[in-house]
Amino acid sequence: MFLSKIYGKIKAREAVMLLVASVAFISCSQEKEHTAPAIHDKDSVSVMKSFGVNTLVSDSGIIKYRIVAESWDINQIRKPTRWTFIKGLFMEQFDEKFNVQAYIQADTAWYYDQLKLWELRGRVRIRNINGMVFRSEELFWDGIKHELYSFKFSRMVTPERTLEGTYFRSDEKMTHYVITNSAGSFVKSDMEPDQGEPLPADTTSADSLSTAPPPRQAQTPRAATTPR
């Protein structure tokens, strides 16, 4: 009888172990892996993404800008590589002695670092130390050719005159510029120079565009006028 009790306990233990093993097998077979989906769009991968930015940016060892932005994204995979300020940009431009030369702001901005090309969109505003105010919905700033240009309606106000037009092109200091399809007010002396006196430097004729090379734009897959 004693042996029969031991045998019965062994059988019961084996039954329990078999039941546990069965449950474990069923649980393992029904277990689901909780993994994130694979990233197929490599363009979405950024090297850096910062928020609440207030920083100085140098070029060739010289501090050129102060950048203030809510969001700053650096992507080295997209072609061309770029910095993206999707939530707006405020920027100060400095000269070599760290004096502020201009204030620049836009609703959205991209900087194509390999091309040294800025693309500003939305409410683009520029004010410089000479009292010039520029407004447009688009502005490109070419750091290689050292010029600014826009294919959107632009308005420039200086202490001497007000100009508006659908095409704008200028040097970086905005002292030599062209505005075509323009309308605005001028000082009489600007329109009627003395005999033999050349026109002022900042009233360049639109005809000069025919000999100037076309402005450079970033080669992006989207249309140039479509905001991102």
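Start your tour with the rings: there are 13 aromatic pairs in this structure, which is a predicted model.

**Stop 1: a ring pair in strands β2 and β7**

Select tyrosine 65 and tryptophan 118. Their rings sit edge-to-face, with 6.2 Å from centre to centre and 75° between the planes. Now colour the strands. Tyrosine 65 belongs to β2 (residues 62-75) and tryptophan 118 to β7 (residues 117-128), so this pair ties together parts that are 53 residues apart in sequence. Are these two residues buried or exposed? Tyrosine 65 has 15% relative accessibility, so it counts as buried. Tryptophan 118 is buried too, at 2%.

**Stop 2: a stacked pair**

Next, pick phenylalanine 140 and tyrosine 149. Here the ring centres are 5.3 Å apart and the planes make an angle of 15°, so this pair is stacked. With 2% relative accessibility, phenylalanine 140 counts as buried. Tyrosine 149 is buried as well, at 0%.

If you're wondering how to describe a ring pair in general, use the distance of the centres and the angle of the planes.

**Stop 3: the ring cluster**

Which residues do ring pairs link into a cluster? Select Tyr65, Trp72, Trp83, Phe85, Tyr111, Trp118 and Trp141, and you have it on screen. You've already met two of its members, Tyr65 and Trp118, at the first stop.

**Stop 4: the largest pocket**

Keep Tyr65 selected and turn to the largest pocket, which has a volume of about 750 Å³. It is lined by 30 residues, and the closest to its centre are Lys64, Tyr65, Gln93, Trp141 and Glu172. Tyr65 and Trp141 also belong to the ring cluster. Which strands should you colour to see the lining? Try β1 (48-59), β2, β4, β5 and β7, as each of them supplies at least two lining residues.

**Stop 5: salt bridges**

Time to look at charges. Side chains of opposite charge can pair when their charged atoms come close. This structure holds eight salt bridges, and here are some to click on.

- Glutamate 92 and arginine 66: their side chains meet at 3.1 Å, N to O. Glutamate 92 is in β4 and arginine 66 in β2, so the bridge ties together parts that are 26 residues apart in sequence. Glutamate 92 counts as buried at 14% relative accessibility, while arginine 66 is partly exposed at 28%.
- Arginine 121 and glutamate 138: the closest N and O atoms are 2.9 Å apart. This bridge links distant parts of the chain, with arginine 121 in β7 and glutamate 138 in β8, 17 residues apart. Both arginine 121 and glutamate 138 are buried.
- Arginine 169 and glutamate 147: the closest N and O atoms are 3.2 Å apart. Arginine 169 is in β12 (residues 167-171) and glutamate 147 in β9 (residues 147-150), distant parts of the chain that lie 22 residues apart. Arginine 169 and glutamate 147 are both buried.

Now add Glu119 to your view. Salt bridges with shared partners join Glu119, Arg121 and Glu138 into one network.

**Stop 6: out on the surface**

Switch on the surface and select Leu56, Ile63 and Phe98. Together they make a nonpolar patch of about 230 Å². Phenylalanine 98 is in the loop between β4 (89-94) and β5 (100-106), and its 39% relative accessibility makes it partly exposed.

Then go to glutamate 137 in β8 (residues 133-142). Is glutamate 137 buried or exposed? At 53% relative accessibility, it counts as exposed. Try a C-alpha to C-alpha distance from glutamate 137 to serine 154: they are 7.5 Å apart in space, and 17 residues apart in sequence.

**Stop 7: backbone oddities**

Finish with the backbone. Most residues other than glycine have a negative phi, and most peptide bonds are trans. So where should you look for something else?

- Lysine 79 and proline 80 are joined by a cis peptide bond, with omega about 0°. You'll find proline 80 in the loop between β2 and β3 (82-85).
- Lysine 116 has a positive phi, near 55°. It sits in the loop between β6 (108-112) and β7 and is partly exposed, at 34%.
- Histidine 146 also has a positive phi, near 55°. Look for it in the loop between β8 and β9; at 44% relative accessibility, histidine 146 is partly exposed.

Technical notes
Residues are numbered from 1 along each chain as its sequence is written. This is a predicted model: local features need pLDDT of at least 70, side-chain atom pairs count only at pLDDT 80 or more; totals for chains, interfaces and linings use all residues. Side-chain values use heavy atoms; hydrogens and water are left out. Rings of Phe, Tyr and Trp (its six-membered ring) pair if their centres lie within 6.5 Å; planes under 30 degrees apart count as stacked, over 60 as edge-to-face and the rest as tilted. Helices (H or I, at least four residues) and strands (E, at least two) are DSSP runs, numbered from the N terminus. Buried means under 20% relative accessible area, exposed over 50%, partly exposed in between (1.4 Å probe, protein chains only). Patches are made of residues with over 30% relative accessible area and no salt bridge: like charges are joined within 9 Å, nonpolar side chains (Val, Leu, Ile, Met, Phe, Trp, Tyr) within 5 Å. Accessible areas come from the Shrake-Rupley method with a 1.4 Å probe; for residues, only the protein chains shown count as cover. A salt bridge is a side-chain nitrogen of Lys or Arg within 4 Å of a carboxyl oxygen of Asp or Glu. On a 1 Å grid over the protein atoms alone, a cavity is a set of points where a 1.4 Å probe fits but cannot get out, and a pocket is an open set with protein on both sides within 12 Å along at least five of seven lines; lining residues have an atom within 4 Å of a point. Grid points are joined across faces, edges and corners, and a volume is the space filled by probe spheres set on the points.
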